[in-house]
Amino acid sequence: MAKLAFTTRPELQGKFGMVTTTHWLASAAGMATLEKGGNAFDAAIAAGFTLQVAEPHLNGPGGELPAVFFANKDGRPRVLCAQGTAPAGATIDAFTALGLDLIPGSGLLPAVVPGAFDGWLKLLSDYGTMSLRDVLSYAIDYAESGVPVLPKIAEFSSRVAPLFRDHWKTSADVYLKSGKPPEVGEWMTNHTLAATYRRILNDAEAASSDRLRQIEAAREAWYKGWVADAIDRFYRKEILLDSSGRAHRGLMTGDDLANWHAHYEDPVTLDYGRYTVCKCGFWSQGPVLLQQLALLRDMGLSDMDAVGPEFVHTVVEAAKLAYADREAWYGDPNFTDVPDDMLLSKAYAEERSGLISDIASLDLRPGSPMGRNPNIAAALAADGDPGDIGHYWSLGEPTVTPMGEARGDTVHIDVIDRDGNMISATPSGGWLQSAPVVPELGFCMSVRGQMFWLDGDAATSLEPGKRPRTTLSPSLAMRDGEPYMVWGTPGGDQQDQWSLLLFLHHVEHGMNLQEAIDTPAFHSEHFPGSFWPRGRSPGKLVMESRFDVATIDTLTEQGHKVQVGADWSEGRLTAAAKDHGILRAAANARGMQGYAAGR
């Protein structure tokens, strides 16, 4: 048996169930749900609603939800798409008439339809076994009794406190008690959100005693009833300051909510040795992980030192090529002609991998699948400097400015139950710092509309009813045709770099899940960012300081613009696997809040 490296915590093993999330309260709620007889989907839903309360700076009820899962009753992996779409009034002409060349990163204008609630309830209806009360009870209790304030909640609230006090007064009412931001160690409540969920629950139970009818009544109240009415009134009435420096009225209406619903899709997949890796479709950045794997498949990674310069350079150069294609070709397939088969073909990967040399590329080099010319004009025209709003990619949490713009996001959940059902979910959006709270509801909307370009020729150009090309990217892997592993991380554009590292360290370097998470990590910021102000830093490579100095020096000599971060600063990965009847799980020590639970 190979000697294990020191890890920050053990890789958990058991046969009953595993829950691993980015916050210990959510992991505890998910595990408690399994102990009460729920399955993996019930546990993920309970954890998801808990995360809305425990990490409101990273996700909320007004956010979105992509998930990839394997249910025994299906016998195949599926994707849940609960990514809300652009409102009917969100057109390029509407924004250019306001004198805007980028969609603001905060405020009312970048709102998309809130998808998380419908997504969680659709999953509960179709795959869960428990009642609405069962899965909502933890979130309601925490919203009423409080959760401990995390350092980033205190930091972000402090930065946006003047904005809240002077302009977003409904947010101040919820998050600035007595006019002051919360401090670390305090307990934070959200009684308005608790009341919203209690009313939803009471209305649903009054409508029927049947589990499925209760769930449907709750979805109806949210998207066609009093929740939608409250959102509609707020977005029609208020004119509020955003990151453009001016005040604007929102574009979302109740009709936008009523005309939208979550749905299931087949995953996009790639075979990598014994493994088939499953991701959300090209409406997300998920396939960029698959493109990286296709480029790296024959590079001999298993013979490379996992913390050596050859491995880092090879992986980073592959990421640059894959993310350039993301910028040129990815978009909602309902609106965009994505050359999906070609992008994931072996021939295309072989052609593209030939561009990787011993020297770091400083160019953005999308490919030309089927001879088509890539369009990255909008990306190259964006003049926002990622350094303008400070650097805090390090924990996969958003950077936030005093105007409420945020980069990165989010939370993550992985669950496997004793029967082998498994799910990976990356809920996000509705960040407390990025949009004003709807006063009757106690939460705000997602601002993921900022990911659209106001360029009609771009793959991710703004159109009504279109899904933004989200950075949210859960992962699932089959092994030898059997469901094997679920994993993911917060981190915006970096999600499919850190998730790639976990997979490679596990598969190519033989590390267990915790070793793969704890190994020194890195990411590139070479490509255009998905968040306002959409800038990029050609050649920039961010590495944890735990890398050997000689490795950093070699990479610098190869032309990488290396920035050395803190010892434990790259990502917030979690993972769970089923290996010959044994369940395993691991969680990230970075950020000091993620935990795995299981037995």
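**Entry 1: helices α2 and α4**

I looked up the handedness of the crossing of α2 and α4 in this predicted model; the crossing is left-handed. I then took the geometry of the pair: helix α2 (residues 40-54) and helix α4 (residues 116-127) pack at an angle of about 160°, and their axes lie 9 Å apart. Because angles over 145 degrees count as roughly antiparallel, I recorded α2 as roughly antiparallel to α4.

I next listed the residues that meet. On the α2 side I noted F41, D42, A44, I45, G48, F49 and Q52; on the α4 side I noted F117, W120, L121, L123, L124 and Y127. Sorted by class, the contact of α2 with α4 has ten nonpolar, two polar and one charged residues.

**Entry 2: helices α5 and α8**

I examined a second helix pair, helix α5 (residues 132-145) and helix α8 (residues 191-207). Their axes come within 8 Å and cross at roughly 155°. I therefore entered α5 as roughly antiparallel to α8. The crossing of α5 and α8 is left-handed.

From α5, the contact is made by L132, R133, L136, I140, A143 and E144. From α8, I listed H191, A194, Y197, R198, L201, N202, A204 and E205. The class count for the contact of α5 with α8 is eight nonpolar, two polar and four charged residues.

**Entry 3: residue E220**

I checked whether the surroundings of E220 leave it buried or exposed, or in between. E220 is partly exposed, with a relative accessible area of 40%. The residue lies in helix α9 (residues 211-224). I also took a distance to I200: the two residues are 20 apart in sequence, and their C-alpha atoms are 9.8 Å apart in space.

**Entry 4: the seven-stranded sheet**

I traced an open sheet of seven strands and wrote its order as β1-β22-β21-β17-β16-β11-β10, with antiparallel pairing. The edge strands are β1 (12-14) and β10 (268-272), each of which pairs on one side only. On average, neighbouring strands of this sheet are turned by 20° against each other, direction ignored.

I then asked which helices pack on the sheet. Helix α12 (residues 287-296) does so, touching β10, β11 (275-279) and β16 (475-479); its direction makes about 25° with that of β10. Helix α17 (residues 495-507) also packs on the sheet, with contacts to β10, β11, β16, β17 and β21. The direction of α17 makes about 135° with that of β17.

**Entry 5: strand pairings and the hairpin**

I went through pairings within the sheet one by one. Strand β17 (residues 482-488) and strand β21 (residues 574-579) pair in the antiparallel sense over four bridges. For G488, I found the bridge partner T574 in β21.

β21 and β22 are antiparallel partners over six bridges, and T574 stands opposite A587 in β22. The hairpin of β21 and β22 has two residues between the strands, and there I noted that H580 takes a positive phi near 55°.

β1 and β22 pair in the antiparallel sense over three bridges. The bridge partner of L12 is A585 in β22.

Last, I asked why strand β22 (residues 582-587) is listed as largely enclosed by the rest of the structure. Five of its six residues are buried, so I entered β22 as largely enclosed. The cut-off behind this reading is that buried means under 20% relative accessible area.

How values were computed:
Residues numbered from 1 in each chain as written. Predicted model: local features only at pLDDT ≥ 70, side-chain atom pairs only at ≥ 80, totals over all residues. Heavy atoms only, no water. Pairing = 2+ DSSP bridges. Axes fitted to C-alpha atoms, helices over the stretch in contact; angles between N-to-C directions. Contact = heavy atoms within 4.5 Å. Parallel < 35°, antiparallel > 145°, perpendicular 65-115°, else oblique. Left-handed = near helix turned anticlockwise from the far one by under 90°. Nonpolar A, V, L, I, M, F, W, Y, C, P; charged D, E, K, R; others polar. Buried < 20%, exposed > 50% of the residue type's maximum accessible area, 1.4 Å probe, protein only.
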